[in-house]
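Work through the exercises below with the sequence and the coordinates open. Each task is followed by a solution in steps.

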2 protein chains.
Amino acid sequence: MRMSTKAQYAVRALVSLNLTSDGAPVTIKAISEQEKISLNYLEQLFVKLRRGEIVQSVRGPGGGYVLARHPADITIDQIIDTVEEAIMPLSCMNDDGSCSCGLECTTQAVWQGLGQQIRSFLASMTLEDLTNDGRQRLTGCVSNS
Amino acid sequence: MRMSTKAQYAVRALVSLNLTSDGAPVTIKAISEQEKISLNYLEQLFVKLRRGEIVQSVRGPGGGYVLARHPADITIDQIIDTVEEAIMPLSCMNDDGSCSCGLECTTQAVWQGLGQQIRSFLASMTLEDLTNDGRQRLTGCVSNS
DNA sequence: AAAAAATTGACAGAAATAGTCGGGTATGCT
DNA sequence: AGCATACCCGACTATTTCTGTCAATTTTTT
């Protein structure tokens with residue numbers, strides 16, 4: 001059971017974007033420096049985030065990325081869905097996904113239930129929640145750079 | 001976000017064991033054939049399960065494995081903990097696990113909350129629950145072999 | 001047209017996982 | 001005592017997945 005860093009990076013980058021932005025586009029270079037994430041890797045993520053309509057790109061000089069929607073309308077599970085394929089791929093079923101009426105179906109039900117649990121948890125948190133949380137922490141702490 | 005097949009195999013094998021057993025030890029060879037899992041791979045898993053006191057081994061001819069505890073006292077998260085190291089390793093923190101007071105702490109809180117969610121879900125299901133479920137399915141279906 | 005900036009796709013290194021193989025050790029039956 | 005059964009253990013390999021990088025292209029502004 002593990003969460004890919006890809007998902008973690010995407011969430012962090014978006015929180016950073018939302019936190020930094022004053023309405024004008026933010027370059028991923030700025031995010032990269034602030035979050036210490038490889039610039040090129042971030043590019044990959046933002047390509048997917050744009051396709052998933054989480055962010056909008058503004059090309060040309062002075063360009064960058066802006067949130068495509070209000071942060072309260074962006075949930076964490078949407079972000080994860082966008083950057084990786086599935087939140088929880090199941091490898092326990094027969095290759096064709098059918099049920100052979102053996103024990104697999106029993107255990108499958110467990111993982112599927114778990115998957116739903118995970119999803120609903122992630123769906124209950126929005127980017128705005130995290131940003132507010134992050135803002136609090138930043139002001140409550142001494143600067144660290 | 002994915003669940004290792006190791007955990008899935010372990011759970012399936014234990015359900016199978018509990019389902020097949022009439023009190024006498026069950027050989028992993030039998031489980032291997034029933035669940036179509038490599039014998040040697042299963043052995044590896046059962047070594048860990050024995051160390052984790054989920055099962056007990058009976059040596060010599062006529063031997064095999066028996067559950068070490070009542071199935072109602074074996075929860076799924078115990079099984080997973082036993083066969084793999086951690087349910088949810090976090091890679092989002094600084095290598096030493098400290099908080100650098102940046103945005104990491106915000107997003108860390110998300111993953112940690114998620115980890116607890118997952119754990120409590122898996123802790124709420126026992127081997128007995130799954131076995132009963134499996135028994136129902138087996139009798140409710142036509143034989144498939 | 002030139003320059004700046006974003007987009008794209010292909011690619012390589014690293015890490016984790018799945019599964020295999022061979023030998024060893026303890027136990028019970030004859 | 002000896003043999004067969006069945007668990008125990010460590011090392012090894014192949015495969016997949018993930019992470020991260022590089023180079024080339026397209027678009028927009030000046």
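Two strands pair if DSSP finds at least two bridges between them. The model is predicted.

**Exercise 1.** In which sense do E1(B) and E2(B) pair, and over how many bridges?

Solution. Step 1: take strand E1 of chain B, residues 55–58, together with E2(B). Step 2: the two pair over four bridges, in the antiparallel sense. Step 3: for the register, Val66(B) in E2(B) stands opposite Gln56(B). Step 4: five residues lie between the strands of this hairpin, and Gly60(B) takes a positive phi near 80°.

**Exercise 2.** Find the residues that come nearest to DNA strand D, and describe the surface by class.

Solution. Step 1: a residue is near the strand if one of its heavy atoms lies within 4 Å. Step 2: there are 25 residues around DNA strand D, and Thr5(A), Ser38(A), Gln44(A), Arg50(B) and Tyr65(B) come nearest. Step 3: of the atoms of DNA strand D that come within 4 Å of the protein, 63% belong to sugar and phosphate. Step 4: the surface near DNA strand D has 11 polar, seven charged and seven nonpolar residues.

**Exercise 3.** Which parts of DNA strand D do polar side-chain atoms of Gln44(A), Gln44(B) and Arg50(B) approach?

Solution. Step 1: for Gln44(A), the partner is a base oxygen at 2.5 Å. Step 2: an N or O atom in the side chain of Gln44(B) is 3.4 Å from a base nitrogen. Step 3: Arg50(B) has a polar side-chain atom 2.8 Å from a phosphate oxygen. Step 4: elements giving two or more residues to the surface near DNA strand D are H1 (5–20) and H3 (39–51) in chain A, and H3 (39–51) and E2 (64–67) in chain B. Step 5: H3(B) gives the most, with five residues.

Terms used
Residues numbered from 1 in each chain as written. Chains lettered and ligands numbered in written order. Predicted model: local features only at pLDDT ≥ 70, side-chain atom pairs only at ≥ 80, totals over all residues. Heavy atoms only, no water. Polar contact = N/O pair within 3.5 Å; in protein donor to acceptor, adjacent residues only side chain to side chain. Nonpolar A, V, L, I, M, F, W, Y, C, P; charged D, E, K, R; others polar.
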